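Hello,

Here is the structure I promised to pass on. Please have a look at it first, and then read my notes below.

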Amino acid sequence: VEEHQPVIFTGALDNWAPADDWRPEILNQTLHAYPVDVHLSKDGSFYTTVEMDGTTWAVRPAETTMTFSDFLTISMMPNTNATAYLEYTSIYETLPPLLDFMEMPEFANFLPLRMINTWAGPGATISCLHSDSHENILFQVVGEKEFILFPPEEKAFLYYDEKPGIYLTYTHPGKFDWKKMENDRRSNIGDVHLHEANLTTHPLLSQTSPKRCKVSQGEAIFLPGSTEIAPPP
């Protein structure tokens, strides 16, 4: 293991509640009435950018509040026109019963614990190129997640210029609109969509050395602060 490098831990959830206890129908027995803030995207992309009126905007998803039970219902509907996603949901503040499902492993003791958040969705969501200033350990409870990781020193090649914010708004059933927030400046979202990267428009990408990895159910990944994170193309 190298200092300040990402690392994947196997068997990271050995002392957690078994995988069957994390099934939606089991979680719903305990969490069904808890209110949660749900983010909505029309194509499953989060932390992305959009070109509009000659400007590159940093996109934030639409937001709404519903019960955990309703979130599960819309997440499992086969023909929805919006992707529902829980992100940055505090377990301490929003879903405290989940604390009984988990136990921090010894390898996590080297980091001060500042927050425990959960992400959950129907699958096939994409978080585009972005960075977090603090260290993270992601525990993969169900399914798998793929990453493309860039070292912090390559940030200058990933088009992280400051961008004004634009918010999606959502009106049922399936109408999305834009709300510009020019005073909301974002500098942690790169202007590169790696699933459709083009070296003609983003030539600096040729100077990067990304690492691609997959975190499977029962594993965890340590991400050093300021690591640049993106989904695979």
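Let me begin with one residue: Tyr88 is partly exposed, with a relative accessible area of 34%. On this scale, buried means under 20% relative accessible area, exposed means over 50%, and partly exposed is in between (1.4 Å probe, protein chains only). Tyr88 belongs to strand β7, and its phi is near 55°, a positive value in a residue other than glycine.

Before going further, a word on how to read all this. This is a predicted model, in which local features need pLDDT of at least 70 and side-chain atom pairs count only at pLDDT 80 or more, while totals for chains, interfaces and linings use all residues. Residues are numbered from 1 along each chain as its sequence is written, and side-chain values use heavy atoms, with hydrogens and water left out.

The chain as a whole

The chain holds two helices and 17 strands; these are DSSP runs numbered from the N terminus, with at least four residues for a helix (H or I) and at least two for a strand (E). For 233 residues, a compact globule would have a radius of gyration near 17 Å, and the chain agrees with that at 18 Å. That radius is taken over C-alpha atoms, and the globule rule is 2.2 Å times the number of residues to the power 0.38. The C-alpha trace spans about 50 × 50 × 30 Å along its principal axes.

Of the 233 residues, 43% are buried. The chain exposes about 12,800 Å², and carbon and sulfur atoms supply 49% of that area; the areas come from the Shrake-Rupley method with a 1.4 Å probe, and for residues only the protein chains shown count as cover. If we take contacts between residues at least 6 apart in sequence, 81% of them join residues at least 24 apart, where contact means heavy atoms within 4.5 Å.

As for charge, the chain has 15 positive and 32 negative charges, and their mean positions are 7 Å apart. Lys and Arg count as positive and Asp and Glu as negative, leaving out His and the chain ends. Each charge is placed at NZ of Lys, CZ of Arg, CG of Asp or CD of Glu.

Strand β7 and its partners

Why is β7 (residues 83-90) described as largely enclosed by the rest of the structure? Seven of its eight residues are buried, so the rest of the structure largely encloses it. Strand β2 (residues 35-41) runs antiparallel to β7 and is joined to it by three bridges; two strands pair if DSSP finds at least two bridges between them. Here His39 stands opposite Tyr85. Strand β8 (residues 117-120) also pairs with β7 in the antiparallel sense, over three bridges.

Thr89 is a good residue to click on in β7. Thr89 is buried, at 6% relative accessible area, and its bridge partner in β8 is Thr118. Leaving aside neighbours within four places in sequence, Thr89 is in contact with Asp37, Thr94, Leu95, Ile116, Asn117 and Thr118.

Residues in the loops

Tyr47 sits in the loop between β3 (45-46) and β4 (48-52). Its phi is near 55°, a positive value in a residue other than glycine, and at 8% relative accessibility Tyr47 counts as buried.

Phe110 lies in the loop between β7 and β8 and is partly exposed, with a relative accessible area of 46%. Beyond neighbours within four places in sequence, Phe110 is in contact with Ile137 and Phe222.

Which residues does Glu135 touch, not counting residues up to four places away in sequence? They are Leu111, Phe222, Leu223, Pro224 and Gly225. Glu135 lies in the loop between β10 (130-131) and β11 (136-139) and is partly exposed at 38%. The C-alpha atoms of Glu135 and Leu223 are separated by 5.8 Å, although the two are 88 residues apart along the chain.

Two further loop residues come with distances. Ser206, in the loop between β14 (175-186) and β15 (211-216), counts as exposed at 53% relative accessibility. Ser206 and Asp184 are 22 residues apart in sequence and 31 Å apart in space, C-alpha to C-alpha. Pro151, in the loop between β12 (144-150) and β13 (163-171), counts as partly exposed at 22%. The C-alpha atoms of Pro151 and Thr73, 78 residues apart along the chain, are separated by 39 Å.

Best wishes
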